[in-house]
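Q: Could you take a close look with me at how one strand sits between its neighbours, and then step back to the rest of the protein? I am new to this, so please explain the terms as you go.

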Amino acid sequence: MPVPQRLLFIPQHASPKNRSGLGMIGGFCLMLAWLAVGGVSAAVAQQYAVTPISSGTVDPYATAGYNTTTSANGFLAGFPSQNFPSTLFVPNVVQQDRLWLRTEYIRWWANGMETPALVTTSPDGTAQADAGVLGLPNTSVLYGGEINDESTNGIRFRGGFFITPASAFGIEGEYFRIGSNTSGFGRNGGDQILARPFFRTDTDVETAQLINYPGVVDGSLAIGAASKLDSYLINGRVALCPTCGGNCVTCRNTDRVDWLIGYRHMKLDEALTFGETLDSQLVGAPGTIVLADAFRTTNDFDGLQLGVTYQANLKRVWLESMLRVAVGNNKQTVSIRGNTFITEAGVTENYSGGLYAQRDNSGNFRRDEFTMVPEIGFTLGVHLTSCLDATVGYSLLYFPNVVRPGDQIDRDVNPDLLAPPGTVASPSRPEFRFIENDYVAHGLSFGGQLRF
C-alpha cells in the first residue's frame with residue numbers, strides 16, 4: 001500500500017551538519033508509515049501519543065530540526081485522535097501505569113509425607129501372635145507410605161510500584177498461603193483386625209500392637225496428617241532490557257526484562273498425630289488404655305532472593321516468565337510427644353510415652369541448615385479493560401533440606417518402655433535423628449490484575 005506523503009516527517013533542508021539526524025528521522029518516518037497501514041496495534045501505538053498542536057503553540061520539535069506538519073484535527077499527521085490520550089509527549093519518556101495489584105486463587109499439589117507402614121490388618125481367624133505383623137503373607141497395610149499428597153487450595157497476593165516515571169526501578173511484594181492439607185485414617189471398633197506394627201528391639205522380630213482383635217481388645221484409632229505452607233517476600237525490581245523499563249522511544253521496545261533482588265521468608269508446618277482408645281475384652285482383666293503420639297515439624301526459611309523476569313506484550317495479551325532463587329538459612333524444628341492413660345478399677349494412671357514416642361526420642365530438637373529455594377512461574381494475562389487484566393498461571397517451588405514428620409518416626413521400639421514401664425534393658429529405642437527430605441509444590445493460579 002503506498003504511503004501518503006503527508007504522513008512523513010520531511011526536513012525542509014538537508015544540510016551536511018544534520019545528516020545524522022536525517023537517518024534517525026527517516027527511520028522514525030518509516031515507523032510512522034508502518035503504523036498508518038496497521039502494522040502495530042492501537043494498544044502499542046498509544047505509547048507515541050501527543051497533544052494537539054494549535055496555532056501559536058511552541059512546538060518542542062521545531063527547535064530540533066523537525067518539520068511538524070499537522071493534520072486537520074491538530075495532531076501530528078498519521079495519529080488518529082480517537083486512539084490516543086491527551087498526554088504531553090516528553091522525549092524518551094512515556095507515562096504509563098506504575099502501580100499494579102494482583103490477586104490469585106491457587107490450586108497446588110505437593111509431594112506427600114513419606115512414612116513407614118502405620119496401620120495393618122489380617123484376615124479373620126489369624127492367630128493373635130501373627131495379627132498385623134509385617135512380613136507375613138496375610139498381612140496388608142491399610143495406611144502408610146506416601147500420605148497427605150492431595151491437592152489443596154490457596155491464595156496469593158502480589159503488588160508493585162514503579163518509583164521512576166520511566167518504570168526503570170520499582171518495588172514489589174508477594175504473600176501466599178497453601179491452606180492446611182489434612183488427611184488421615186480412622187476406625188472405630190468393628191470386627192476387623194486392626195494393628196500398629198513395630199520392630200521389637202529386645203527379640204529383634206516384627207510384632208504389632210493390637211487395636212482391634214475379637215475377644216481380646218475392642219478399640220478405635222485416629223491418625224491425622226496436616227501440612228501448611230506460608231511465604232512472603234519483598235523485592236527491588238530493576239529494568240535490565242531496555243534500561244528505561246520498556247518505555248524508551250529510541251528503542252521502541254514494549255517487552256521488558258527485570259532483575260529482582262530482595263528478601264524472602266517461607267514457613268512449612270506439618271504434623272502427624274495418633275490417638276487410640278483400647279478397651280480390654282479379656283475375662284478378669286478389664287481396663288481402658290488411651291494412648292497418643294504426636295510428631296510435628298517446622299521449617300523456617302529466611303534468605304536473600306535473586307531473580308529475573310521477562311514480560312512479552314502482544315496486542316491484547318501478555319506473557320510473563322519468572323525465575324527466582326532464594327539463598328539462606330532454614331531453621332529446622334522437630335517436636336515429639338507421647339502419653340498414655342491407663343484406667344483400671346476406676347483409677348487412672350498417666351505415663352509419659354506412647355508407642356513411637358518414648359523417653360529418648362521425645363522433646364524439641366532444633367538446628368540450622370543452609371538452603372537454596374528455587375521457583376519458576378509463568379503467567380498469561382489478557383487485557384479486559386484499560387486497567388483490568390485476567391490472569392492464569394503455573395508455578396513450581398522446590399524447598400530442599402526440610403524435616404518432615406513421617407521421616408522422624410523410628411519403628412524400633414523396646415517394649416519395656418511401653419506403659420506401664422518395666423526395667424529397661426539396652427538398647428533404649430526409639431531414638432531421635434534428624435532426617436531430611438525435599439518438599440515440592442506446583443500448580444495453577446487464576447486471578448485478576450489492576451493497573452493504575
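A: Happily! Strand β5 and strand β8 (residues 217-241) run antiparallel and are joined by 18 bridges. Strands here are DSSP runs of E with at least two residues, helices are runs of H or I with at least four, and both are numbered from the N terminus. Two strands count as paired if DSSP finds at least two bridges between them. To find one such bridge yourself, look at T182, whose partner in β8 is A226.

A word on the source: this is a predicted model, in which local features need pLDDT of at least 70 and side-chain atom pairs count only at pLDDT 80 or more, while totals for chains, interfaces and linings use all residues. Residues are numbered from 1 along each chain as its sequence is written, and side-chain values use heavy atoms, with hydrogens and water left out.

Strand β5 (residues 169-188) also pairs with strand β4 (residues 152-162), in the antiparallel sense, over 9 bridges. Here F157 stands opposite Y175 in β5. The hairpin of β4 and β5 has 6 residues between the strands, and S167 takes a positive phi near 60 degrees there.

Now for a pocket. The second largest pocket holds about 600 Å³ of space. Of the 26 residues that line this pocket, Q209, L210, V217, L278 and I289 are the closest to its centre. Two or more lining residues come from each of β7 (205-212), β9 (256-280), β10 (288-314) and β11 (317-344), and β11 gives the most, with 4 residues. (On a 1 Å grid over the protein atoms alone, a pocket is an open set of points where a 1.4 Å probe fits, with protein on both sides within 12 Å along at least five of seven lines; lining residues have an atom within 4 Å of a point.)

Next, find R404 in the loop between β14 (388-403) and β15 (412-413). R404 counts as buried because its relative accessibility is 3%, and buried means under 20% relative accessible area with a 1.4 Å probe, protein chains only. Leaving out residues up to four places away in sequence, R404 touches N111, G112, M113, E270, T297, N437, D438 and Y439; a contact means heavy atoms within 4.5 Å.

Stepping back, the protein has 2 helices and 16 strands. Of its 452 residues, 44% are buried. Among contacts with a separation of 6 or more, 76% are between residues 24 or more positions apart.

Definitions and conventions:
Grid points are joined across faces, edges and corners, and a volume is the space filled by probe spheres set on the points. Buried means under 20% relative accessible area, exposed over 50%, partly exposed in between (1.4 Å probe, protein chains only).
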